[in-house]
Amino acid sequence: MDIDSLRHSCSHVMAQAVKELWPEVKLAIGPSIEDGFYYDFDRQEAFSDDDLRAIEKRMQEIIAKDEPFLQEEIDKQKALDLFGKLKEDYKVELIQALAGKISIYKTGSAFLDLCRGPHLKSTGQIKAFKLLSVAGAYWHGIETNPMLQRIYGTCFNSKKELDEYLKNLEEAKLRDHRKLGPALEFFDIYHEQAGAGLVFYHPKGALLRTIIEDYERKEHLKRGYQIVITPHIMQAELWKTSGHYDYYKENMYTFNIDEREFVLKPMNCPGHILIYKSKTRSYKDLPIRFFELGTVYRHEKAGVLHGLLRVRGFTQDDAHIFCTDYQLGQEIHNVIEFVIDTMKDFGFNRESLAVELSTRPQKFIGSEQDWQEATLQLEKALKEKGLAYEICEGEGAFYGPKIDIKLKDALKRKWQCATIQCDFALPKRFNLAYIDAEGKERQPIMLHRVLLGSLERFIGALIEHYKAELPLWLSPCQVLLIPLKETVVPYAEKIKKTLEENNLRSDIDRRNETLDKKIRSAELNKIPYCLILGEREETQSTVSVRKKGSGNQGTVTLDKFITELTKQVQEHR
RNA sequence: GCUGGAGUAGCUCAGUUGGCAGAGCACGUCCUUGGUAAGGACGGGGUCACGAGUUCAAUUCUCGUCUCCAGCUCCA
């Protein structure tokens, strides 16, 4: 049975149940969505958990009655009269926007709704459903419209699938980086004391971030980028030139020093532009690629903050590429390749990426020809790399089209990480130029791009992706040394030093605890390897290896262990 | 920012129909010196998110603020 019409039908049954219980409630819309369905209602009083249970009960009754879904085509005027009489204001508004015949449907008990379908034959075909939550949602998704109440539910072809889905939901909660991160001492956020959306990296998380940063610097240098570093605060004038002061002010932290207004940078572009402008550039210098691990601050609305995935202070792996229009295609191609290679190194394959191409919006700057060309180049690069993508018509920035690459969190919510944006605005605003082969001044095209997006968001996604069981090369502690008793601690220290010399990270568990307990805590802390060290190992100059998740691996020489681990670190990236 | 729900020890949670605040884990000290996922004893730790109000008395009731959670809007 088609899952979409099943869920869609289920949302109608829910609406019917709500109307039967509270006839005064007005109906808005109720589509099927990825994992279920929802319906938006206008009701004075909030739906409580008890209300949800009552609705579920009524739905069961409707399903038990096995009422047929009857669909009918009627004239627009008749539809307006029909729904007008029922005081279904939202339906009337929807009908007014429609042309031609209007499709309505009813069920046996005369419940009436506006809908194109498709539906099941009858309500009895619904076998397994559950209402999950209720939340506010704006009518038509527009912030200034009244807020309706949205009830979310899910529906499957069998009880078994439903149970499985609910179980997965529970398991997904165990991957939540907001739980795992602080529990494993990667990071924390001191909401009350320091402020919401501001991240504190504890030693393990800071080490992880350092590993990622080192990787990025190395890769960028390899691919022809130049590393730059720019200040965190810059004068307001600069942001007026860039346009941020007018278009982005509500998101910027501003303050005065000696009667001069400053801005805590929300973006890195103006800084990179100043460096570009510091001297006359020749076409021979292009493309110029400036890379910065740039920390920015944005005043995000309180309700949108979300662990590491949406914060107020974050560090972007940001670069700006200044190039000629001839170079644009190649540069885009290279960036996409860079993104794919990087994501792969971190363990995200193409299937875990959602790619979107956003085109020209209603309001835009630059010539239509520029837009067309840039959009073409973006699309061409995607096709060359064989990437599946979705086109988001009119979703581009006002200054240029863009490609966004998103990762999913444990609950399948998508978070934008990589983005490649063409920009026709800033080069103009800042009068950027290079001297072409004829000695004439020309304007370069500017490309904004991030690979991981923000390190905060990416680390959040990494934790959820791996359930905090990071691959060896990213694990802050790769090997835990467990001396069986105090007399072998010097042996453990010696081994730690040798591991260090071989670029392997280790810690010694010196606690006065039993071996079992130390192993248990190593497993819980997701440490890839343990070396158990007793008198036996010391006299034989060996180590007893334990691998996370697979137990005792036997005894080997330290050399052999180091060779094996080093090989693994190389292979996994 | 909006709608709804929530905030008790570092963590997971009991509890008080308004009357001295509880457990397990974690942490500390001591005993134990172990062989592959929790050894034992004792102990420290709380403005019950914050601020007002009602009351003889507020962690509990009321209001406000902050923050978190789900969703909406917005976004890396």
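This is a short tour of a predicted model, going from its confidence scores to the surface of the protein near RNA strand B.

Begin by colouring chain A by pLDDT, which averages 92 over the chain, with 99% of the residues scoring at least 70. Select strand 6, residues 112-114, to see where confidence in chain A is lowest, at a mean of 82, and then move to strand 11, residues 226-227, where confidence is highest, at 98. For the model as a whole, the scores are an ipTM of 0.94 and a pTM of 0.93.

Next, select RNA strand B together with the residues around it, of which there are 54, and look for Leu484, Asn512, Arg520, Glu537 and Ser544, the ones that come nearest. If you colour this surface by residue type, it divides into 23 charged, 17 nonpolar and 14 polar residues. Turning to the RNA side, 49% of the strand B atoms within 4 Å of the protein belong to sugar or phosphate, while the rest belong to bases.

Now select helix 16, residues 515-524, which gives the most to the surface near RNA strand B, contributing 6 residues. Then show the side chain of Lys517, where a polar atom lies 3.5 Å from a phosphate oxygen of RNA strand B.

Finish with two residues that approach sugar or linking oxygens of RNA strand B. At Tyr152, display the side chain, because one of its polar atoms lies 3.0 Å from such an oxygen, a pair that falls within the 3.5 Å limit for a polar contact. At Gly136, display the backbone instead, where an N or O atom lies 3.2 Å from a sugar or linking oxygen of the RNA strand.

Key. Residues numbered from 1 in each chain as written. Chains lettered and ligands numbered in written order. Predicted model: local features only at pLDDT ≥ 70, side-chain atom pairs only at ≥ 80, totals over all residues. Heavy atoms only, no water. pLDDT = per-residue confidence, 0-100. Helix = DSSP H or I, 4+ residues; strand = E, 2+ residues; numbered from the N terminus. Near = heavy atom within 4 Å. Polar contact = N/O pair within 3.5 Å; in protein donor to acceptor, adjacent residues only side chain to side chain. Nonpolar A, V, L, I, M, F, W, Y, C, P; charged D, E, K, R; others polar.
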